[in-house]
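Colleague: I am new to this structure and would like to learn how to read it. Please take me through a few features.

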Amino acid sequence: MQTKPRQTKLRRSFRRECRRAGYYLSNDWWLIFRRPRYMKMSLLAVAETGERRHGFKISSYDPEEPYARTFIHAMSAALRLVAQHDPRRYKTVVRQLKVIHCDPRLTTASALYVRLFRLCVVGHGDYFKTAGTNEKRDVTQLEAIFFAVMLIHEATHGRIDSFFISYSSDRRERIERLCAKEEYRFLKRLEKRGFDVAPLYNDRICAARDSYA
């Protein structure tokens, strides 16, 4: 008598996961059909071995280049910063991101989130290539905060998408505004702890800050 309710529960769970998978596949159709370059970039990122840091796979397009080590150090510093000063948002980053990949070919945006692979592709190729020429150079505090904000922004995209809210043209502005608010909340938290975050207040974050006024 106890097996039937259990089978019903398993069926419901299976159907729910099928609906979830169907949503993610249909939601990423633009990536597969309209942006094959991004799809190829994403598959290469997932295929790269990379290094395991803080439970994430961190990789780069040219693993033999000096900037690859700089990227790993920068992402490690950013993840460590979020974990130490904002555990709640760090949990969101852990849930929504599995792979963090640097690809200098990404020039249309500073970062790209791909829900299908829980992947964050980071651009900023010029910065990492310049910084990578000096292997002894440490990641500065401001740089760590900058990349921490970027990871929180992309993880927020993942969290919004987990509620089956697609990134459509009519919702794009509102979703970006929500991501900017999360950036502002994180920066405000660091500011209260004595960090100098003033240089990171760009127009988008300032608009989110003004909405609280």
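Colleague: Which residue of β5 stands opposite V114?

Modeller: V114 stands opposite L119 in β5. This is a predicted model, in which local features need pLDDT of at least 70, side-chain atom pairs count only at pLDDT 80 or more, and totals for chains, interfaces and linings use all residues. Residues are numbered from 1 along each chain as its sequence is written, and side-chain values use heavy atoms, with hydrogens and water left out. Strands (E, at least two residues) and helices (H or I, at least four) are DSSP runs, numbered from the N terminus.

Colleague: How many bridges join β4 to β5?

Modeller: Two strands pair if DSSP finds at least two bridges between them. Here four bridges join β4 (residues 111-114) to β5 (residues 119-122), and the strands run antiparallel. They form a hairpin with four residues between them, and R118 in the turn has a positive phi of about 50°.

Colleague: Which aromatic pairs does a search find?

Modeller: A pair of aromatic rings is described by the distance of the centres and the angle of the planes. Rings of Phe, Tyr and Trp (its six-membered ring) pair if their centres lie within 6.5 Å; planes under 30 degrees apart count as stacked, over 60 as edge-to-face and the rest as tilted. The whole structure yields two aromatic pairs. F146 and F147 have ring centres 5.1 Å apart and planes at 80°, so this pair is edge-to-face. For Y184 and Y201 the centres are 6.4 Å apart and the planes at 55°, so that pair is tilted.
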